[in-house]
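Me: Could we go through the charged pairs and one helix packing in this model? Please keep the answers plain.

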Amino acid sequence: LLAERGMEDTTILTLLERYEAMNRHVKVETVDPATRPTFISQYTDETLSQNSVIVASDLRHTIVNYSDIYQTQYSEEDYYNYLYTGQMPTGTKYFAGELAFTSAIDYVTRADLPMLYSLTGHGETELSSTYQGYITSDNIGMASLSLLTVDAVPADCTAILIANPTSDINADERAMLSAYLVEGGNIILITSYDHYTETGMPNLAALCEEMGLESVDGLVFESSRDRYNGYPYSLLPSIGSTGPMEGVDDVRYTLMNAAHGIITNGSGATVYPILTSSSQAYVKSLEKELTTFEKEDGDISGTCYLGVGVSGEADGARGDTYKFVWYSSPSIVDESTDQYVSG
């Protein structure tokens, strides 16, 4: 803890001492920069605020700034007053010390840090700074990846994100991604109804088909009033009861706005639901003009996935299993949607 003598934040110090009391591998020390002026330079050239914390191990170190410990949230009223009256917002401060310190300890003690590569070159959507913050706060590194400029997926790649591509991958890229999965890799695919179709992106569709999944091209609507918000294409899907979402309280909502459907092709792969429509859902093809939200003759009806995962055995080069997760609406990583359902 970096603080001048007598200026220690007692809340921060008390929390740090609780970490120390719970685990013999944690040692807490208070350093006064006035009496040890060269201490900070061992770790950073930046000027650190009073009551910032340096977390270090034999592997690596990180800085937890005071502004990461006490954060400020601003309400819509704060923003409104600032925009229309010029009044500087004060916001509401909250203590985020436990998240900050636990994340920092995890970062400096992990032998290998996971890396998420975002595929580029096909008009993909870049994640917002908020979503990048969600990822990096879990100590997951991020980098871009163009498969056109490499011979293979990087060795340190834990997962590949393909976020809402607007054009297809080519045959060589498909082969590299398929080989990556066979080795025990992980892929997260996010598509949208207005860009992704099986005929428009045959190579990406073939990769999905290898995983036992197919798209239902068109827009998913709900007729169950408790399963949509406002408009019947602003979906409130069920959160799956198996796989990574097991145990999530159904009171929580995930808003999937303007999604297409996903179904299995019966290939025998291990499939687990993540987000699922109701049995009263129906899909409207967009090959003709959309004139009504009501179900019409010819609309495909029934339960479909809006988010689904597939896992299977791998050859062990990267891991013993592969995982392929597919979401059918970019709203899953849309910042305004995230705010609407309060995270």
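Reply: The turns below take up salt bridges and then a helix contact. This is a predicted model in which local features need pLDDT of at least 70 and side-chain atom pairs count only at pLDDT 80 or more, while totals for chains, interfaces and linings use all residues. Residues are numbered from 1 along each chain as its sequence is written, and side-chain values use heavy atoms, with hydrogens and water left out.

Me: How many salt bridges does the count come to?

Reply: The count comes to six, where a salt bridge is a side-chain nitrogen of Lys or Arg within 4 Å of a carboxyl oxygen of Asp or Glu.

Me: Which residue forms a salt bridge with Arg318?

Reply: Glu183 does, with the closest N and O atoms 2.7 Å apart.

Me: And where do the two residues lie?

Reply: Arg318 lies in the loop between β18 (305-313) and β19 (321-327), and Glu183 in the loop between α6 (171-182) and β8 (186-190), so the pair ties together parts 135 residues apart in sequence. Helices (H or I, at least four residues) and strands (E, at least two) are DSSP runs, numbered from the N terminus.

Me: Is Arg318 buried or exposed?

Reply: Arg318 is partly exposed, with a relative accessible area of 28%, and Glu183 is partly exposed at 26%. Buried means under 20% relative accessible area, exposed over 50%, and partly exposed in between (1.4 Å probe, protein chains only).

Me: What about Lys284, which residues form a salt bridge with it?

Reply: Glu296 forms one with Lys284, the closest N and O atoms being 2.9 Å apart. Glu296 is in the loop between β16 (282-284) and β17 (300-301), twelve residues from Lys284 in strand β16. Asp299 also forms a salt bridge with Lys284, again with 2.9 Å between the closest N and O atoms. Shared partners join Lys284, Glu296 and Asp299 into one network.

Me: How accessible are Lys284, Asp299 and Glu296?

Reply: Lys284 counts as buried at 2% relative accessibility, and Asp299 is buried at 12%. Glu296 is partly exposed, at 29%.

Me: New topic: at what angle do α6 and α7 cross?

Reply: The axes of α6 and helix α7 (residues 202-210) cross at roughly 20° and come within 9 Å. Axes are lines fitted to C-alpha atoms, for helices over the stretch in contact, and angles run from 0 to 180 degrees between N-to-C directions.

Me: Which residues meet there?

Reply: Ala171, Arg174, Leu177, Ser178 and Leu181 in α6 meet Asn203, Ala206, Leu207 and Glu210 in α7, contact meaning heavy atoms within 4.5 Å.
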